[in-house]
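Okay, thanks for squeezing me in. Let me put the model up, and then I'll walk you through a few spots in it.

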Amino acid sequence: MPDDAPTRKRRHVDACLAGPVTYRTRTTGFERIDLPYRALPETDLATIDVRTSFLRRPLAAPLLIGAMTGGADLSATLNARLATAAQRVGVGMMLGSQRVMLEHPEATATFAVREHAPDVPIVGNLGVAQLRRGFGPEEVRRAIDAVDADALALHANPLQEAMQDGGDGDFRELLPALRALPAAVGRPLLLKEVGHGLAADLVAHLAPHGYAAFDVAGAGGTSWARVEQWVRFGEVRSEDLAEWGIPTLRALREARAAAPAATLIASGGIRSGLDVAKAIASGADLVAVALPLLEPATRSVDAVEAVLRRYVADLRVAMHGAGASDLAALRRIAPIPRDATA
Ligand SMILES: Cc1cc2nc3c(=O)[nH]c(=O)nc-3n(C[C@H](O)[C@H](O)[C@H](O)COP(=O)(O)O)c2cc1C
């Protein structure tokens, strides 16, 4: 529904601000594992090193702002605040879907965040369903270049689209297009879900075709099948579908086992620095956080920055308590089932 796109995005943002849009019964799984705690960690909190890099840019921590907005008027303000905070803290930022921008070029300004975030990775965004609707390598390149992004994430979201009034229901024959796209575009591409999880077989299938990263975007945080029902009906009519998805920890572990060399982003319900640490120890290279930053972005740059800094500070505490002086050391730590420590 091209002409409604800015309005729809606004309704999504409003629904996410009004809540409740998160899973009720399904959880990420991170609450079921612990990092082994060490009373004598042999680390100095002051020198815990959480730096890494992504898309050839340095990151102060393995953290990205998840894909959220663009298009509607409010989005320009939200994106500018998110980007400014990302630059201050030194973390990356994923933009919301740029479909509206390609269909309504006047919306480009709402995505133009590079001036606010000159040094951090910025990732554009389009839906895979668009690849069946006339979008190809040229449009993907245009979406990246128009906002001076470092890469573009394609979101695969059949459940969200199925629950959306007028959403795309046709996901046939996308695999050949997705296999060919990285080489045809000639820019780094990511594949993500939107909170119902990427299955490991898909990650394993596409990993050899040049994807820069896969964001598992699993279940346990924001449920887009829930958001769409709120937007469409003002209520959740199919509770079971709103609870469907691959929990983030399972999606991450299975993707890591299936694609040992892929760059993996864990997202979907990452709600604390301890969650970040558990995700890294479970095989993630980076994590992304969306919903917890939305409401702060309606207030100020400082509000977004405070949330991001808390994630980073708590990650450092978690690493110290687990005796990991840097991310490589954290990756060598095996999380333990929580039941075993109860
Ligand atoms: C307000 C809002 C808008 C979103 N818009 C997009 C989008 O345009 N494209 C996309 O790929 N994901 C979008 N997402 C999904 C997030 O990137 C993320 O995958 C999902 O919300 C799970 O992470 P969370 O539990 O931290 O929110 C959006 C999320 C929120 C909260």
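Let's start at alanine 277. Leaving out residues up to four places away in sequence, alanine 277 touches Leu35, Leu315, Ala318, Met319, Ala322 and Leu330. Before I go on, keep in mind that this is a predicted model.

So where does that alanine belong? Ala277 is part of the largest nonpolar core, a set of 111 residues, and it's among the five that touch the most other members, along with Met93, Leu152, Phe214 and Val287. Helix H13, residues 301–322, gives this core its largest share, 7 residues. As background, nonpolar side chains tend to be buried together in soluble globular proteins.

Okay, on to the ligand. Which residues come nearest to it? Out of 24 around the ligand, those are Gly96, His155, Gly221, Ala290 and Leu291. By type, that shell splits into 11 nonpolar, 12 polar and just 1 charged, which you may want to remember if you're setting up anything electrostatic. As for the helices, H1 (5–18) and H12 (291–299) each put at least two residues into the shell. The largest share is from H1, with 3 residues.

Now, threonine 222. You'll find Thr222 in the loop between strand E9 (213–215) and helix H8 (224–233). Is it buried or exposed? Threonine 222 has 25 other C-beta atoms within 10 Å, and the cut-off for buried is 20 or more, so it counts as buried. Skipping neighbours within four places in sequence, its contacts are Cys16, Val21, Thr22, Gly195, Val227, Ala290 and Leu291. Two of those names you've just heard: Ala290 and Leu291 are among the residues that come nearest the ligand. For a sense of distance, glycine 92 sits 130 residues away from threonine 222 along the chain, and their C-alpha atoms are 20 Å apart.

Last stop, helix H6. That's residues 174–185, 12 of them, and from first C-alpha to last it reaches 16 Å, close to the 16 Å expected at 1.5 Å a residue. Leu181, Pro182 and Val185 are the buried ones in H6. Looking down the axis, the buried residues fall within an arc of 95°, so they line one face of the helix. What do they pack against? That would be helix H4 (137–146) and strand E8 (189–192). Over on the other side of H6, Pro176 and Ala183 are exposed. And just after the helix, glycine 186 takes a positive phi, about 70°.

That's my tour. Happy to rotate the view if anyone wants another look.

How values were computed: Residues numbered from 1 in each chain as written. Predicted model: local features only at pLDDT ≥ 70, side-chain atom pairs only at ≥ 80, totals over all residues. Near = placed C-beta within 6 Å. Helix = DSSP H or I, 4+ residues; strand = E, 2+ residues; numbered from the N terminus. Nonpolar A, V, L, I, M, F, W, Y, C, P; charged D, E, K, R; others polar. Expected span 1.5 Å × (residues − 1). Buried ≥ 20, exposed ≤ 12 C-beta atoms within 10 Å, placed from the backbone. Arc of directions from axis to C-beta. Contact = placed C-beta atoms within 7 Å. Core = buried A, V, L, I, M, F, W, Y, C linked by C-beta atoms within 7 Å.
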